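Trainee: Could you take me through this structure one question at a time, with the reasoning behind each answer?

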Amino acid sequence: MNILIIEDELPASSRLQKMLKELLTDAHIYEPIVSVATAIKWLQQNPAPDVIISDIQLADGLSFSIFKAVPTFCPVIFTTAFDQYAIQAFKVNSIDYLLKPVKQQELADALHKLQQLKTPASSQLNIGQLLQAIANPGTSTYKSRFAVKFGEHLRTIETKEVAYFYTEDKMNFLTTKEGRRYSIDYNLDALDSMLDPHIFFRINRQYIICLHAIAEMFAYSKSRVLVKLNPPAKHETIVSTERSADFKLWLGDNK
């Protein structure tokens with residue numbers, strides 16, 4: 001069995017490889033891929049593997065976009081630290097969905113299921129159905145917390161505690177409602193897909209803000225809006241020209 005792992009966390013990737021080697025002694029495991037962009041390129045240039053084991057949340061976006069860009073009919077086992085991505089959509093397919101940390105028995109069960117697939121049709125990944133389920137608020141939720149590092153320690157920050165996200169010097173940060181700042185592993189493009197669009201809005205290339213963090217707003221040049229945040233931001237937060245119209249609609253129709 002030829003196996004491709006798509007995972008941007010080295011400990012998780014190493015653990016998967018170790019378990020796979022114990023479960024399938026004759027399996028060939030390709031060098032793990034760590035990003036959406038690299039995965040798309042790999043799948044375009046190589047024969048499809050027998051199975052893909054893919055994390056959902058990668059540093060440059062959600063792995064669903066890989067399969068949208070490069071349709072593949074090989075089975076996929078998704079892994080994630082969160083149960084927010086329309087679990088039921090996976091259950092109707094012959095594809096599994098494993099919560100991290102992945103347990104060896106659960107991985108073994110998933111591989112056994114894949115080995116029982118007998119027809120090409122039964123192993124096709126129904127990405128269209130999955131994307132539709134994710135886009136439907138009735139069948140999915142949004143990221144509820146973030147793991148952050150400060151000094152030698154790790155902690156979790158509930159999304160409801162976040163006032164805004166921003167990027168600075170090629171690094172990404174979240175700021176809590178109490179004014180504490182933490183670096184995070186996700187860029188703003190990835191965060192756009194993880195956050196509830198009724199609560200968070202990307203005002204420009206540098207900031208995604210929470211509705212409840214808006215303290216004041218002022219008309220600015222070229223129909224733009226100057227937003228004052230609480231807690232105060234390090235930079236001037238101005239809604240870009242191309243986002244201003246959508247921002248005003250978001251303010252008036254936030255349900």
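Trainee: Which residues of strand β14 point one way, and which the other way?
Mentor: This is a predicted model, in which local features need pLDDT of at least 70, side-chain atom pairs count only at pLDDT 80 or more, and totals for chains, interfaces and linings use all residues. Residues are numbered from 1 along each chain as its sequence is written, and side-chain values use heavy atoms, with hydrogens and water left out. In a regular strand the side chains alternate between the two faces of the sheet. In β14 (residues 207–210; strands are DSSP E runs of at least two residues and helices are H or I runs of at least four, numbered from the N terminus), all are buried, meaning under 20% relative accessible area with a 1.4 Å probe and protein chains only (exposed is over 50%, partly exposed in between), and Tyr207 and Ile209 point one way, Ile208 and Cys210 the other way.

Trainee: Which residue stands opposite Ile208 of β14?
Mentor: Strand β10 (residues 162–168) pairs with β14 in the antiparallel sense over three bridges, where pairing requires that DSSP finds at least two bridges between two strands. The residue opposite Ile208 is Phe165.

Trainee: Which residue of β14 is the bridge partner of Phe201?
Mentor: Strand β13 (residues 200–202) also pairs with β14, in the antiparallel sense and over three bridges, and these two strands form a hairpin with four residues between them. Within that pairing, the partner of Phe201 is Ile209.

Trainee: How many residues does the largest nonpolar core have?
Mentor: A nonpolar core is a set of buried Ala, Val, Leu, Ile, Met, Phe, Trp, Tyr and Cys residues joined through side-chain atoms within 4.5 Å. Phe165 and Ile209 are among the residues with the most contacts inside the largest one. Leaving aside neighbours within four places in sequence, Phe165 is in contact (heavy atoms within 4.5 Å) with residues including Phe146, Leu191, Tyr207 and Ile208. The size of this largest core is 53 residues.

Trainee: Which strands stand at the edges of the open sheet β15-β16-β17?
Mentor: The three strands follow that order with antiparallel pairing, and β15 and β16 (residues 225–229) pair over five bridges, with Leu226 in β16 as the bridge partner of Phe218. Two of the strands each have a single partner, so one side of each is left without a neighbour in the sheet, and these are β15 (214–219) and β17 (238–239).

Trainee: At what angle does helix α8 run to β15?
Mentor: Axes are lines fitted to C-alpha atoms, for helices over the stretch in contact, and angles run from 0 to 180 degrees between N-to-C directions. Helix α8 (residues 241–252) lies across β15, β16 and β17, and its angle to β15 is about 125°.

Trainee: Which side chains make polar contacts with the side chain of Lys100?
Mentor: Lys100 has its place in the loop between β7 (97–99) and α5. A polar contact is a pair of N or O atoms within 3.5 Å; within protein, one must be able to donate a hydrogen and the other to accept it, and residues adjacent in sequence count only if both atoms are side-chain atoms. The side chain of Lys100 has one such contact, at 2.9 Å, with that of Glu7, and another, at 3.0 Å, with that of Asp55.

Trainee: How many disulfides does the structure hold?
Mentor: A disulfide is counted when a pair of cysteine sulfur atoms lies within 2.5 Å. Cys74 is buried, with a relative accessible area of 6%, and Cys210 is buried at 2%. The number of disulfides is zero.
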